[in-house]
Amino acid sequence: MSPINLKRSVKVHDEAHDAAAVPAIPATADSPSLTDLCDMQFDNSFVHALPGDPETHNIPRAVRNACYTRVDPTPVRAPRLLAWADPVGELLGVSRPDSPTGPAVEVLGGNRVLPGMQPYAARYGGHQFGHWAGQLGDGRAITLGEILGPDGARRELQLKGAGKTPYSRTADGRAVLRSSVREFLCSEAMHALGVPTTRALSLVATGEMVVRDMFYDGNPRPETGAIVCRVAPSFVRFGNFEILAAYNELDSLRRLADYVIREHFPGLGTPSPSTYARWFEEICRRTGRLVAHWMRVGFVHGVMNTDNMSILGLTIDYGPYGWLEGFDFQWTPNTTDAQGRRYCFGNQPEIAHWNLTRLASALAPLIEDHAALEYGLTVFGETFQNAWRGMLADKLGLVSLGQDGDDTLVSGLFDLLQQVETDMTLFFRGLMDIPVDAEGGNPAEAMDDAGLAAPLRRAFYADETPAQQSRLAAWLRRYIARVRLDREATSLPEFADVRLERMRRANPKYVLRNYLAQQAIEALGQGDASVIARLMEVLQHPYDEQPEHEALADRRPEWARNKAGCSALSCSS
Ligand code: AMP
Ligand code: MG
């Protein structure tokens, strides 16, 4: 195995431009059924159902006996809309603001609280890098309120980077443009990939600069500030329960569990000890499916602390995440994790399991039958294994992975992918073009090693040695034989088409490669919104060929290999 070189680049690129110079993405025509944000009705079920902090002064402090603190966003100098996600607007029934400034943008920048909103910061704790960190909480995220969408579903609007809260500790409550662009783009890209995730409605520049030590190397500098309005049915994390259990606030613990079950797991019925047990089991199931999806698309979250684990099984808190380019189970995008690699690609299932054990401990006071918690944890393992195997079968275009020799086929593939630096996305997409049929002779048998592997050539970052080439060809021949077994067993006339369609839907052509996000950030910093707009468009259809955007499917260019933001990221955001 050869982990990607994570050595930090010392080159500091200049992206600190005045936010006011950044233009908004041109608006498209709105559907008439959408309503201006300022005319929407808001609800505040979280605030009404749960105990709030009796104190309201907004200074960093330890909060006790509460699930949240009421706090308004701190206004910014010049909020300006940079990007808007139409699909999320439609989900909420909210129209795209027709100008980069104006009342709706003031709301999205935190300068205006609408009637009916009761903004709050949630109280939570968490295990960070394996250690209990005590109180964390929404230190820079503020939930404005909830909207009932045209589909009848309730969703929270939360501003990330909206200013200090009692949970800000020593930090400033703000977010920079670079991390906000990354969250905005990735939320929507993940949704289009079919991966459960929080969403993002808007990206607003604040007109203020934020000082960050981007490389954690003692060189802080000002960067453009921004705020993302993110959207989810709930932002409750494992850590919301952990903090209540840690301080033995058991009444609040029960109330929070009951609220989450009633609002978000209504199918489980009236809360009771057995409902709590089934609820935990369902959280385990969802988390298992979530992580299987991450593995399928090559997503590495980067900071799987328990405060970054959604109780709904969504991807949440996009920080120093990354997309696998060279396939490597050891790869982590997070420089803070470069030593221990706790959160590297291959560890994600195990870490999710560990995080669920932390949640199980927090919920133990509600569930007398601890065997039920143990059972939930086994459900996680089974769900992940089944989902991952099913997804791998889809990725390979096999009916299932249950036959003798399948495990060796798969482990042989993983070894191959790590012997030469191989782009995960391109490799699997390229497998669709490996000839398995005997049309017009028997191409697979007739081909030499290089010819057989030709559709995969684009996936390699380095030239293969002859030995590696023949190992790949040998694997491909075994693979082709295995596909033919499926074909014989199914005897479907449309076998080839069905198989390719399954592969197409499991193997994205376009993912948010780290360098693509970085290019969008740099362009936006120069006042060019076209790059982010194009990416948003292309990433909404990640499984489609979109030949006019072929360049965005290319493997990472060499200049991006060690460039900051393109391969290695710190938590500084
Ligand atoms: P994260 O690493 O983003 O999951 O954040 C961990 C904790 O630090 C959470 O409680 C965040 O709210 C808090 N935090 C991160 N950045 C800031 C910031 N700039 N200002 C205030 N709190 C922050
Ligand atoms: Mg977080």
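**View 1. The largest pocket of the predicted model has a volume of about 1100 Å³.** A pocket is an open set of points on a 1 Å grid over the protein atoms alone, where a 1.4 Å probe fits, with protein on both sides within 12 Å along at least five of seven lines. The volume is the space filled by probe spheres set on the points, which are joined across faces, edges and corners. Of the 50 lining residues (an atom within 4 Å of a point), those closest to the pocket centre include Arg140, Tyr216 and Cys571.

**View 2. Ligand 1 sits in the largest pocket.** Sitting there requires more than half of the ligand atoms to lie within 2 Å of the pocket grid points. Around ligand 1 are 17 residues (a heavy atom within 4 Å). Gly137, Gly139, Arg169, Gly173 and Asn308 are the closest of them.

**View 3. Nitrogen atoms of ligand 1 pair with polar atoms of the protein.** Each such polar contact is a pair of N or O atoms within 3.5 Å. The Asp172 side chain places an N or O atom 3.0 Å from a ligand nitrogen. For Arg140, a polar side-chain atom is 3.2 Å from a nitrogen of ligand 1; for Arg174, a polar backbone atom is 3.2 Å from a ligand nitrogen.

**Notes.** This is a predicted model, in which local features need pLDDT of at least 70 and side-chain atom pairs pLDDT 80 or more, while totals for chains, interfaces and linings use all residues. Residues are numbered from 1 along each chain as written, chains are lettered from A and ligands numbered from 1 in written order, and side-chain values use heavy atoms, without hydrogens and water.

Terms used
A polar contact is a pair of N or O atoms within 3.5 Å; within protein, one must be able to donate a hydrogen and the other to accept it, and residues adjacent in sequence count only if both atoms are side-chain atoms.
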